[in-house]
Amino acid sequence: MKTPQLLNYAQDHWLPGDSELSEIASAIDGAPVAVTGSGGIDFAAMLRHGREVGGPALRKMTFHERARLLKALGLAIMARKEELYELNYQTGATRKDGWIDIEGGAGTLFSFSSKGRRELPDAHVLLDGALEPLSKSGTFVGQHIYTSLQGVALHINAFNFPVWGMLEKLAPALLAGMPAIVKPASATAYVAEAAFRVMIESGLVPPGAIQLIVGGIGDLFEYLTSQDVVGFTGSANTALKLRSHPNVLRESVKFVAEQDSLNASVLGPDAAPETPEFDLFVREIAIEMTVKAGQKCTAIRRALAPAEHMDALEGALRERLAKTKIGDPRDADTRMGALVSTAQRDDVREKIAVLEAAGARIVAGDPAAEPVKGGAFLSPVLLRADDPWACAAPHDVEPFGPVSTIMPYKDIEDAIALANRGRGSLVLSMFTHSTDAARDFVLGAGSFHGRMLIVDRDNHKESTGHGSPLPVLVHGGPGRAGGGEEMGGVRGVKHYMQRTAIQSSPTMIAAISSQYIPGAPKHVIDVHPFRRTMSELHIGDTWKTESRSVSIEDIEHFAHFTGDRFYAHMDEEAAKASPIFEGRVAHGYLVLSFAAGLFVDPDPGPVLANTGLENLRFLTPLYPGDSMRVELSVRAKSIKSQDTGQVRWAVEVFNQNDEMVATYDLLTENVP
Ligand code: NAP
């Protein structure tokens with residue numbers, strides 16, 4: 001049977017490469033799986049198509065529309081996940097490894113979709129921070145905003161997670177309104193191509209929004225501009241080569257790199273053998289060495305333990321690793337499959353030899369052994385370096401496979417210095433039940449690591465694990481780890497947007513951002529806004545209430561009713577003596593309650609429920625005898641589903657002198 005050829009997806013067409021083809025072999029038995037290549041593809045035209053067709057189509061959509069697209073794409077992947085699992089076995093991955101890649105990838109789309117709908121406006125512009133007053137009377141203000149970059153995101157991915165690696169980059173880029181060109185690593189490009197095909201065949205993706213290169217990227221870097229973003233995952237060497245491309249430097253092309261990382265895990269000084277933390281540490285190291293055959297950028301490469309516990313640690317790990325069932329990844333009882341290729345296995349064997357030459361000795365596993373014949377199988381290899389300061393290699397050389405080195409430390413300062421000797425990592429974990437040790441460690445090592453995980457007997461059952469990057473948390477690390485940051489919820493979306501400081505009037509800024517801004521014109525309405533559906537409400541629509549007085553009896557009644565008898569409300573002398581009040585004042589909560597009493601329209605209708613208050617400030621005290629009134633304005637609206645949406649109202653409470661008493665955002669669940 002002819003080996004299938006993978007196709008590029010350029011300018012909305014599937015195209016085979018016509019030269020520079022290479023064959024990809026199965027990790028299980030070395031048989032050819034696919035032919036790949038991108039010779040003859042016009043990369044400049046792909047970039048133009050992304051910029052001229054994909055970008056405008058995505059930027060027409062609001063954040064919420066793009067968020068719904070992500071959810072639909074995730075569902076499309078889930079509906080055809082079995083096809084992907086089947087292909088993924090050929091990369092050496094077990095079903096569990098595939099679950100992280102395929103369902104973890106779809107889960108990342110779902111997570112960004114829900115973050116997008118909850119934390120971003122149903123608009124095209126994202127506000128950054130609060131309005132900055134720049135003038136006395138408030139006609140000239142400053143506001144930072146984010147708008148979508150107008151170029152293309154070029155995503156160059158590593159081989160180890162062909163689906164998740166693609167989707168964790170696509171999710172924030174598409175949510176930001178930026179089209180992407182995906183270039184998967186060749187070794188597993190057949191899985192990435194299949195997942196990409198699922199998205200295209202769903203018919204959901206706007207033209208030009210995503211394109212695919214299966215093979216080299218030729219002269220593409222020559223055409224990048226400052227509006228493009230390169231998101232790279234792979235080795236430090238390739239990252240260095242690409243980020244120092246003259247055009248990247250000349251054009252200031254944004255370059256986000258996730259590269260190799262000598263992640264450490266630390267056994268706390270308190271965690272002696274027999275403690276739950278010791279057992280959890282052993283378990284985590286064994287998991288990180290064997291899941292995905294250790295081919296994870298976040299795997300534990302260096303395990304640090306108090307010197308006196310090294311023998312116990314070595315013994316426990318040997319015992320545990322000996323139980324790892326290595327075999328055909330399709331078999332249900334296999335715990336560890338194959339490395340991605342024999343070339344990758346050769347590379348890992350070479351790196352183990354470097355570690356040995358530097359003074360580390362193998363204490364479990366045999367790199368020369370072939371636990372299963374015919375494929376790229378390797379047994380887990382544990383090394384021990386008893387002088388971690390003399391032996392530099394474990395802090396510098398990354399064997400990208402089932403390999404880890406255990407090392408002793410003297411005290412917490414020594415452990416911190418050793419952990420930081422990796423010169424920047426993606427993740428560090430610590431197994432300790434001592435809050436003092438955890439605090440000292442984070443203060444001493446935080447700036448060297450992108451993510452830190454502290455595990456103990458109380459949280460381990462729900463811990464997401466050392467090796468799992470999460471869509472809501474940042475993934476990336478300083479220095480050696482690439483100096484980049486991905487995901488992290490909305491933080492990741494902002495990598496694909498430009499922050500601009502806008503200086504103008506509140507009216508202009510409200511128009512630009514499609515949100516009501518304090519000081520912008522209000523449109524006073526005469527039908528109560530609680531009687532209007534969301535489609536009938538407009539940004540800036542304002543309901544002005546009647547005014548009501550607040551008496552000393554009201555304050556007394558509220559105090560006794562709620563039990564809040566704070567001196568400022570109940571003790572005239574003490575209130576007068578305070579540096580803040582001139583006498584007894586109304587409770588802030590009373591102001592809020594009376595405000596609701598003034599603006600609420602009681603009957604069932606389009607407003608279903610009050611779901612929260614945000615940004616509450618009490619600005620002017622309200623004294624007995626004062627009166628108060630409310631202006632309720634539509635600040636922003638977002639549709640959540642066919643049945644519900646959210647309205648954000650600006651609530652401003654004034655006294656009889658038109659001084660602002662309180663201001664806050666009220667959130668309500670509404671009928672769209
Ligand atoms: P690699 O050789 O650097 O390849 C990474 C990607 O770069 C692949 O798509 C590769 O394509 C592409 N590439 C290589 N040379 C290129 C060039 N001159 N121009 C354009 N693209 C080029 O890394 P790898 O060996 O596949 O991956 C393993 C490494 O990735 C490990 O060091 C691991 O730590 C790191 N990694 C890091 C993370 C993270 O998030 N930090 C995640 C996973 C892996 P081809 O395959 O077609 O050559």
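Are phenylalanine 530 and tryptophan 649 buried or exposed? In this predicted model, phenylalanine 530 is buried, and tryptophan 649 is buried as well.

## The chain as a whole

The chain has 672 residues, of which 56% are buried, and its secondary structure comes to 19 helices and 27 strands. Along the principal axes, the C-alpha trace spans about 90 × 60 × 45 Å, while the accessible surface of the chain comes to about 27,400 Å², with 54% of that area belonging to carbon and sulfur atoms.

Contacts across the sequence can be described in a similar way: among those between residues at least 6 apart in sequence, 72% join residues at least 24 apart.

## Aromatic pairs around phenylalanine 530

A search of the whole structure finds 10 aromatic pairs. One of them is formed by phenylalanine 530 and phenylalanine 599, whose rings meet edge-to-face, with 6.4 Å from centre to centre and 70 degrees between the planes. Because phenylalanine 530 lies in the loop between strand 22 (523-524) and strand 23 (541-549), whereas phenylalanine 599 belongs to helix 19 (residues 588-599), this pair ties together parts that are 69 residues apart in sequence. Phenylalanine 530 counts as buried at 8% relative accessibility, and phenylalanine 599 counts as buried at 4%.

Phenylalanine 530 also pairs with tryptophan 649; the ring centres are 5.6 Å apart and the planes stand at 50 degrees, so this pair is tilted. Here too distant parts of the chain are linked, since tryptophan 649 is in strand 26 (residues 645-655) and phenylalanine 530 is in the loop between strand 22 and strand 23, 119 residues away.

## An aromatic cluster and charges over rings

Elsewhere in the chain, Tyr9, Trp14 and Phe196 form one aromatic cluster. Tryptophan 14 has a charged neighbour as well, for arginine 197 lies over the face of its ring at 4.1 Å from the ring centre. A further arrangement of this kind involves arginine 95, whose charged end sits over the ring of tyrosine 85, 3.7 Å from the centre of that ring.

## Histidine 49 and its surroundings

Histidine 49 is placed in helix 1 (residues 43-60). With a relative accessible area of 14%, histidine 49 is buried, because that value falls under the cut-off of 20%.

The side chains of histidine 49 and aspartate 12 are joined by a polar contact of 2.7 Å. When residues up to four places away in sequence are not counted, histidine 49 touches Gln11, Asp12, Gly54, Gly208 and Gln211, so that aspartate 12 appears both in this list of contacts and as the partner in the polar contact.

Definitions and conventions:
Residues numbered from 1 in each chain as written. Predicted model: local features only at pLDDT ≥ 70, side-chain atom pairs only at ≥ 80, totals over all residues. Heavy atoms only, no water. Phe/Tyr/Trp six-rings, centres within 6.5 Å; stacked < 30°, edge-to-face > 60°. Helix = DSSP H or I, 4+ residues; strand = E, 2+ residues; numbered from the N terminus. Buried < 20%, exposed > 50% of the residue type's maximum accessible area, 1.4 Å probe, protein only. Lys NZ or Arg CZ within 6 Å of the ring centre and 35° of its normal. Polar contact = N/O pair within 3.5 Å; in protein donor to acceptor, adjacent residues only side chain to side chain. Contact = heavy atoms within 4.5 Å. Areas by Shrake-Rupley, 256 points an atom, 1.4 Å probe, with all protein chains shown as cover.
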